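Biologist: I should like a close look at a single helix of this protein and at its surroundings. Please set out what the model shows in one connected account.

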Amino acid sequence: MILNTVTIVVCAVLAVVAVLSSLADTFFRKLYEDVGGEPVEGQRPPVSVVIVADNNACELRENLSLFLSQDYSPGFEIIVVVEKDEDGTADVLKAFAGSSNLYATFVPVSSRYMSRRKLAVTLGVKAARNEWILLTDAACRPLSPHWISSMSAKCGDGVNMVLGYSNYPAEAGGFKVFCRFYRSYFLLREALSGKAYASGGNNLMFRKSMFMAGNGFQGNLKYLRGEYDFLVNKYASDGGVAVELEPSAYMEDKVPTRKEWRNSNIFYRETCRRLARGIAYRLNVGLDLFSLYIGVLASVASAVYSVVVQDWLVLPFAFVALVAPCLFRLRSARRAMCQFQVSIPLWKVVPYELRLLWHNVRYALAYRFSDKYDFISHKS
């Protein structure tokens with residue numbers, strides 16, 4: 001009788017954990033195109049593309065022509081703001097001096113006591129002649145000549161900000177691509193549900209008037225990085241956010257070096273501490289990753305228990321509780337990756353999700369033991 005009761009309890013727990021692990025999956029909810037607020041055809045606004053360069057001579061040489069050759073009839077200008085030039089960025093810009101819609105400016109070397117990246121964005125926005133700003137980095141490149149056109153398709157009435165998708169190329173390695181895709185998918189999902197929290201990449205459009213009325217980055221100017229996340233977190237709190245999911249709006253970042261990858265993950269931990277509405281975000285991500293681990297551990301532990309006490313009824317439940325959520329997650333991940341044209345072998349998805357938890361723990365510890373003055377422009 002006791003054994004029967006234990007068996008029922010174990011099987012019930014396995015069933016609950018399996019369902020929770022499946023429903024908590026980040027990819028469970030499909031992203032649907034937001035069709036609200038689109039401008040009337042023929043009335044799309046002119047756009048100012050602001051590109052922040054930080055010793056990106058090589059990337060500008062390869063990518064700037066892709067920005068200048070965009071097909072967008074309402075008109076656009078390209079504003080390159082050079083944060084730092086130690087590799088001949090100015091010489092590259094001179095080679096494109098004949099382009100009538102290209103404007104370049106430099107962050108003064110004497111600038112102190114604030115993030116030079118955020119200052120670069122601010123200078124670009126102030127220099128823009130148009131209301132709509134399309135912000136990206138010099139290390140990124142549009143994957144289509146209709147990038148501006150696709151992003152501006154959401155610039156309708158009531159919309160103040162448009163979030164786009166960006167990721168690394170496949171050469172960056174499967175796990176790096178998956179990490180960025182995982183975070184981007186979750187953040188775009190939250191934005192579509194009206195709870196925009198941060199930006200998953202370097203592809204963001206917003207109104208100049210909104211930025212200026214809110215005093216730009218006021219309140220977080222001393223923090224060196226996180227400019228995209230701060231913009232979304234600050235200016236999306238009142239709604240008015242659209243998401244563009246068309247492949248023609250995608251951006252591709254360069255392959256990060258080992259140092260760049262490490263710094264981006266550690267700086268992200270610092271940025272998250274400064275963002276509003278962070279508790280709900282961390283709880284949702286944590287629920288997904290922990291539920292997967294709990295499901296795996298509960299299934300393995302139940303299988304061991306079944307063999308030890310020879311309660312063979314538990315064994316098939318343990319097997320199903322282990323396999324069913326994994327198959328469910330693979331189905332959801334396959335749909336999501338197809339939607340965003342992410343080429344990762346399906347068999348790697350669950351191992352990558354399991355690895356994500358330890359990846360987060362690793363960089364959380366690295367951040368914990370880092371010098372916090374490394375994340376600000378001056379000591380306060």
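Modeller: A residue counts as buried when its relative accessible area is under 20%. The model is a predicted one, and by that cut-off helix α4 is mostly covered, with nine of its 12 residues buried. The helix runs over residues 116-127. Its buried members are R116, R117, K118, L119, A120, V121, T122, G124 and V125. The cover over these residues comes from strands and helices alike: it includes the strands β1 (47-54), β2 (76-84), β4 (132-137) and β8 (204-207), together with the helices α7 (208-213) and α8 (227-235). The length of α4 also agrees with expectation, because 12 residues at 1.5 Å each should span 16 Å and the end C-alpha atoms are 16 Å apart.

The setting of this helix is a protein chain with 12 helices and 10 strands. Of its 380 residues, 53% count as buried. Among contacts with a separation of 6 or more, 83% join residues 24 or more positions apart. The radius of gyration is 23 Å, which agrees with the value near 21 Å for a compact globule of 380 residues. Along the principal axes, the C-alpha atoms fill a box of roughly 85 × 50 × 35 Å.

The outer face of the chain completes the account. The accessible surface comes to about 17,800 Å², and carbon and sulfur atoms hold 59% of that area. On this surface V300, V304, V308 and V309 form a nonpolar patch, with about 340 Å² of accessible area together. V309 belongs to helix α10 (residues 278-309) and is partly exposed, at a relative accessible area of 37%.

Definitions and conventions:
Residues numbered from 1 in each chain as written. Predicted model: local features only at pLDDT ≥ 70, side-chain atom pairs only at ≥ 80, totals over all residues. Heavy atoms only, no water. Patch = residues over 30% accessible without salt bridge, like charges linked within 9 Å, V, L, I, M, F, W, Y side chains within 5 Å. Areas by Shrake-Rupley, 256 points an atom, 1.4 Å probe, with all protein chains shown as cover. Salt bridge = Lys/Arg side-chain N within 4 Å of Asp/Glu carboxyl O. Helix = DSSP H or I, 4+ residues; strand = E, 2+ residues; numbered from the N terminus. Buried < 20%, exposed > 50% of the residue type's maximum accessible area, 1.4 Å probe, protein only. Rg over C-alpha atoms; globule rule 2.2 N^0.38 Å. Contact = heavy atoms within 4.5 Å. Expected span 1.5 Å × (residues − 1).
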